[in-house]
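Visitor: Please take a close look at one part of this model, beginning with strand pairing, and then set that part in the context of the whole chain.

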Amino acid sequence: METARIEDIWDVIVVGAGFAGLKAAFELKKAGKQVLVLEARDRVGGRSKAGEIHGQTIDLGGQWVGPQQKLLLAQAKELGVKTYSQFTTGASLVSRDGSVQSYHSNIPKLPIISLLEIARLERRWNKEAKTLPVGKPWLAEKAMRWDAETVESWILKNVRTHAAQDFIRAIVGALFCCNASQLSYLFFLEYFRQGQGLEVLISTKGGAQQDKFVGGAWQISKLIADQLQDHLILNSPVLAIEQDVDHVRVDCQTRSFKAKKMIIATPPVLASRIDYVPALPIKREKLLQSMAMGAVIKVHLAYAKAFWREQQFNGAVVSTDRAVSIVFDQSPEDQNHGVLLGLIEGDHAIALSALDVETRRQRVIADITYYFGQQAAHPLEYIEQDWLTEEWSQGGYVAHMPPGVMTSYGDCIREPFGHIHWAGTETATEWSGYLDGALQSGIRAAKEIINTY
């Protein structure tokens, strides 16, 4: 319900009803502030989104939670949303150089010399990540050197075996949905620091993919939004923001609103498209324009049964040579049918996004059949979410920094501009890129405002 009047002066206006914006608004409401949330989409949730396949509710966006992600777990518990374990019984599959093999560890089966090299590199990454000051990685002693090169150039200089090179490129694709040539090595290290290292980031048991939410992660945002009642307006993209000494005015297509303070909790690329008066500081503008979103398509395929379990596979796949590069079992707990989810990332996502739906569907099915055999060739249903075509996301999972951005502009990422404060998972100091990081950023932005008046 919309009851906000144009003449109202709100304490705070929040732009964006994803996890970050909703959490900020809820914290402000608890502190007694009058808050209005403006959302461009016709739904809440941001980069989390509900879908359905074969009668089962699914997450078309972010969905996993690890035991280290305390904020997300606490928020879910507070709202009565329970978790359950990602299915892991059986062998995983790795596809590389035209061959599919099974393995039972966190790291795919690779030549022993490559596994030894990866172990050495992991120790090095952990050591280097520990030198990054929390929240200020640009101040690290070697920040300028690390930010001057891409992960790809670092790989070519420091990684000897072909399999280890492929593995690191696959990690970049899986975590950032971009190529190693597009990513700053400093940003890569900071992501490792925030996510508590490689093993936690890529693991299921004990790691970031350990658990899922009963009914889906998307409902957490809906339940928070429900508590904001009529202080949320959908279908209201913000076009312009004008500040004076005492207030900020926010212009949408047909309405304007005024507040004492505001929080922008959108992906950086979307924040850069708003018209600001006075103009944003050059450094802030350059930062927003430089942080590119990753490219990802998430697909689900339903089958009459989880036939891969009968073959002693857990449904997990990591691939360096096919478009569907990551696969997980997404079957319902009652096992009345089977579901596989797949992730298409980076250049593969860009290429497949340009195809028509049916051609893309056939390409996906071909990859799943390549991994699991002919039983995968005829799914009962196919559902896809192309995040590249989401107008108010422009990709996923997270915006990343190319070389030079963090050391040139990164120090303003959380710096208020007049009455404007900044949230969003990209601004988090722990678990940036995750729902947990989005919650942290919302809490921090709300506290900044609460502490000002």
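Guide: Strand E7 (residues 91-96) pairs with strand E17 in the parallel sense, over four bridges. Strands (E, at least two residues) and helices (H or I, at least four residues) are DSSP runs numbered from the N terminus, and two strands pair if DSSP finds at least two bridges between them. The model is predicted: local features need pLDDT of at least 70 and side-chain atom pairs count only at pLDDT 80 or more, while totals for chains, interfaces and linings use all residues. Residues are numbered from 1 along each chain as its sequence is written, and side-chain values use heavy atoms, with hydrogens and water left out.

Strand E17 comprises residues 313-319 and is mostly covered, seven of its seven residues being buried. Here buried means under 20% relative accessible area, exposed means over 50%, and partly exposed lies in between, with a 1.4 Å probe and protein chains only. Val-317 of E17 stands opposite Leu-93, and Val-317 also stands opposite Val-327 in E18. Strand E18 spans residues 324-329 and runs antiparallel to E17, the two being joined by two bridges. The connection from E17 to E18 is a hairpin through four residues. E17 thus has a parallel pairing with E7 and an antiparallel pairing with E18.

An open sheet of three strands offers a further example of pairing: the order is E5-E9-E6, and the pairing is antiparallel. Strand E5 (64-65) and strand E6 (83-85) are the edge strands, each pairing on one side only. Between E5 and strand E9 (residues 211-213) there are two bridges in the antiparallel sense. Val-65 has Asp-211 as its bridge partner in E9.

The aromatic side chains come next. Rings of Phe, Tyr and Trp (for Trp, the six-membered ring) pair if their centres lie within 6.5 Å; planes under 30 degrees apart count as stacked, over 60 as edge-to-face, and the rest as tilted. By this rule there are 19 aromatic pairs. One of them is the tilted pair of Trp-125 and Trp-154, at 6.1 Å centre to centre with 45° between the planes. Trp-125 lies in helix H3 (residues 112-129) and Trp-154 in helix H5 (residues 151-158), so this pair ties together parts that are 29 residues apart in sequence. Trp-125 and Trp-154 are both buried. Ring pairs also link these two residues into a cluster whose members include Trp-146, Phe-176, Tyr-185, Trp-431 and Tyr-434.

Two arginines lie over ring faces. The criterion is that NZ of Lys or CZ of Arg is within 6 Å of the ring centre and within 35 degrees of the ring normal. Arg-309 lies over the face of Phe-87, at 3.6 Å from the ring centre, and Arg-322 lies over the face of Tyr-370, at 4.0 Å.

Several backbone details also deserve attention. Most residues other than glycine have a negative phi, and most peptide bonds are trans. The bond from Val-277 to Pro-278 is cis, with omega near -5°; Pro-278 is found in the loop between strand E14 (275-277) and helix H11 (282-290). Gly-396 and Tyr-397 are likewise joined by a cis peptide bond, with omega about -5°, and Tyr-397 lies in the loop between strand E20 (381-386) and strand E21 (399-400). Cys-177 has a positive phi, near 60°. Cys-177 occupies the loop between helix H6 (162-176) and helix H7 (185-194) and is buried, with a relative accessible area of 2%. Asn-235 also has a positive phi, near 55°. Asn-235 sits in the loop between strand E10 (232-233) and strand E11 (240-243), and is exposed at a relative accessible area of 53%.

These parts belong to a protein chain with 16 helices and 22 strands. The radius of gyration, taken over C-alpha atoms and compared with a globule rule of 2.2 Å times the number of residues to the power 0.38, is 22 Å; the rule gives 22 Å for 453 residues, so the chain is as compact as a globular protein of that length. The C-alpha trace spans about 65 × 50 × 40 Å along its principal axes. Of the 453 residues, 60% are buried. With contact meaning heavy atoms within 4.5 Å, residues 24 or more positions apart account for 74% of the contacts with a separation of 6 or more.
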